[in-house]
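Let's take a guided walk through a structure together. Have your viewer open and follow along as we go.

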Protein chains: 2
Amino acid sequence: MSTVTKKRREIIDRPQQILRVAREIFRERGYLGLNMDRIAEQMGIAKGTIYQHFKNKEEVILSMAVETLEKRIAMFERAVLFQGSARARMAAMGCAAELFVINFPDHFELEKVLSCSSIIEKTSEKLQAAKTVAEMKCISLVAGLVRDGIASGGLLLPNDFKPDQIVFGLWSISYGGYSIMESQETLKQMGIENGFRLVRDMNNKLLDGFNWKPLSSEFDYNAIFDEVRTRIFSDFPKP
Amino acid sequence: MSTVTKKRREIIDRPQQILRVAREIFRERGYLGLNMDRIAEQMGIAKGTIYQHFKNKEEVILSMAVETLEKRIAMFERAVLFQGSARARMAAMGCAAELFVINFPDHFELEKVLSCSSIIEKTSEKLQAAKTVAEMKCISLVAGLVRDGIASGGLLLPNDFKPDQIVFGLWSISYGGYSIMESQETLKQMGIENGFRLVRDMNNKLLDGFNWKPLSSEFDYNAIFDEVRTRIFSDFPKP
DNA sequence: GCCATTTTTGACGTTCCGTCAAAAATACGA
DNA sequence: TCGTATTTTTGACGGAACGTCAAAAATGGC
């Protein structure tokens, strides 16, 4: 009886086990180094068994991304509870985004692989939808803060702008900034040493551009970053 | 004698011919659909001949990117000559960047493929350097405009900011924004229809955040976009 | 026209993907 | 406990693509 349970559990857990091993390999050897034979060997199972859980290699990758996206949602949900003005809470959200990238470095690499259209195209609509849902959850959390900013009077959005568009702007800076950061060569040539800090600053300046009070010249949002890191995300390793 | 010349020319032109065909295939079938056999077949030469000019598939891709990057440099060099305030010229630069993405749609896809570390790692340092050089040329053109802004008094940069960092911010918004636009289902879910316009607006708001005069509330920088498109880049097809 | 050099060729070894028929493991009723 | 039905696992296999290299073809100089 206990054997039955054990066996069943083993099968149920397998997808996560596969993703765990795949992530390990991906982190160490990158996209081209990740292959199904290697996963199978490392797990001590046959390759065919992996295909019982994942349609193809690309779905393994997409599944890894969805998995870490859930972590990001959890982090965003914690950050949104930060006490302070709407803008301060937005800064806390930025901190969460930054800590996410630092603590789950493989996720960003996964995103880049998946941004190649010919790769994502090999995955099922269903799994793609799962990723979109997870992303939307993050976005709506951020958009909620923009609405809070409007509601509390700190932000007066021009007529032709909508909260989601602000989110798009912040998202672009973060996504673009982190991407550029990783391809280090160019950045060093530019004489930029602390990319993370810079992404924060740019996000702040964008919000300043929308005249979201208090402006970054009136309030030290970088101070919040330390506070958020030590208070809300104390369970993450310090930098 | 004429045969000699012809033969020699053929060999000299080959790399570009290969890139031309490769780009065609890449555009139609993406990264996974681009393979050396296909290039060879399409060109009517043997696969081995391609390897005389390119170390591997990844170098073909990187070379394509460098090739289009040269186009971007040329466009930036034209845009920088726009007549107006430094900020207006920066808007013109944004127009150039946008038109580049529209007119060379494969370039962005190439960038995304190359942003995968395990892919770029297969290319030679030398070729990577060529890409960095091309990128730096673009960056320094933009940075020059920031300096012009400072020199002409429209922009007073806070002590802890340097021109290159402003470029980083603009670059992030554009790179991030265009990336999100191309890949995303998510964008549609967000109810964003005109992504290009939005990227422009965000760049403008970022510069507003730095209080670069005249602010976008005082001057219609979007009007410049039409002017730049029709005046400077009249040789590009209209949208 | 002949030989040395350069260039091209495509068959080949290799790696990895995804499949599938056979084998092993498990479930279950008698 | 045993025998049969069902589920799960296996790894050999066909196919696709990479990159190589010895042989063949083309070219050049005399």
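The paragraphs below cover the conventions, the DNA surface, the contact between two chains, and some backbone details.

A word on conventions comes before the tour. This is a predicted model, in which local features need pLDDT of at least 70 and side-chain atom pairs count only at pLDDT 80 or more, while totals for chains, interfaces and linings use all residues. Residues are numbered from 1 along each chain as its sequence is written, chains are lettered from A and ligands numbered from 1 in the order in which they are written, and side-chain values use heavy atoms, with hydrogens and water left out.

Let's begin at DNA strand C. It is surrounded by 20 residues, and the closest are Asn35(A), Lys47(A), Tyr51(A), Arg14(B) and Ala46(B); a residue is near a strand if one of its heavy atoms lies within 4 Å of it. Looking from the DNA side, 65% of the atoms of DNA strand C within 4 Å of the protein belong to sugar or phosphate, and the rest to bases. Lys47(A) places a polar side-chain atom 2.6 Å from a base oxygen of the strand. Tyr51(A) has a side-chain N or O atom 2.8 Å from a phosphate oxygen of DNA strand C, and a polar backbone atom of Lys57(A) lies 3.3 Å from a phosphate oxygen of this strand.

Which helices supply this surface? At least two residues each come from helix 1 (2-33), helix 2 (36-43) and helix 4 (57-79) of chain A, and from helix 1 (2-33) and helix 3 (47-50) of chain B. Here helices are DSSP runs (H or I, at least four residues), numbered from the N terminus. Helix 1 of chain B gives the largest share, three residues. By type, the surface near DNA strand C has six nonpolar, five polar and nine charged residues; Ala, Val, Leu, Ile, Met, Phe, Trp, Tyr, Cys and Pro count as nonpolar, Asp, Glu, Lys and Arg as charged, and the others, Gly among them, as polar.

Now turn to where the two protein chains meet. The contact (heavy atoms within 4.5 Å) takes 50 residues from chain A and 51 residues from chain B. The area buried between them is about 4200 Å², with carbon and sulfur atoms giving 74%; buried area is the accessible area (1.4 Å probe) that two parts lose on being put together, summed over both. Phe168(A), Met190(A) and Lys205(A) supply 17% of the area that chain A buries against chain B, more than any other three residues. There are zero salt bridges between chain A and chain B, a salt bridge being a side-chain nitrogen of Lys or Arg within 4 Å of a carboxyl oxygen of Asp or Glu. Helix 9 (163-182) is among the helices that each supply at least two residues of the side of chain A that touches chain B, and helix 9 of chain A gives the most to this side, with 15 residues. The side of chain A that touches chain B divides into 25 nonpolar, 14 polar and 11 charged residues.

Finally, look at the backbone. A cis peptide bond, with omega about -10 degrees, joins Lys213(A) and Pro214(A). Pro214(A) sits in the loop between helix 11 (195-209) and helix 12 (221-231) of chain A. In chain B, Lys213(B) and Pro214(B) are joined by a cis peptide bond, with omega about -10 degrees. Asn211(A) lies in the loop between helix 11 and helix 12 of chain A, and its phi is near 60 degrees, a positive value in a residue other than glycine.

How values were computed: A polar contact is a pair of N or O atoms within 3.5 Å; within protein, one must be able to donate a hydrogen and the other to accept it, and residues adjacent in sequence count only if both atoms are side-chain atoms.
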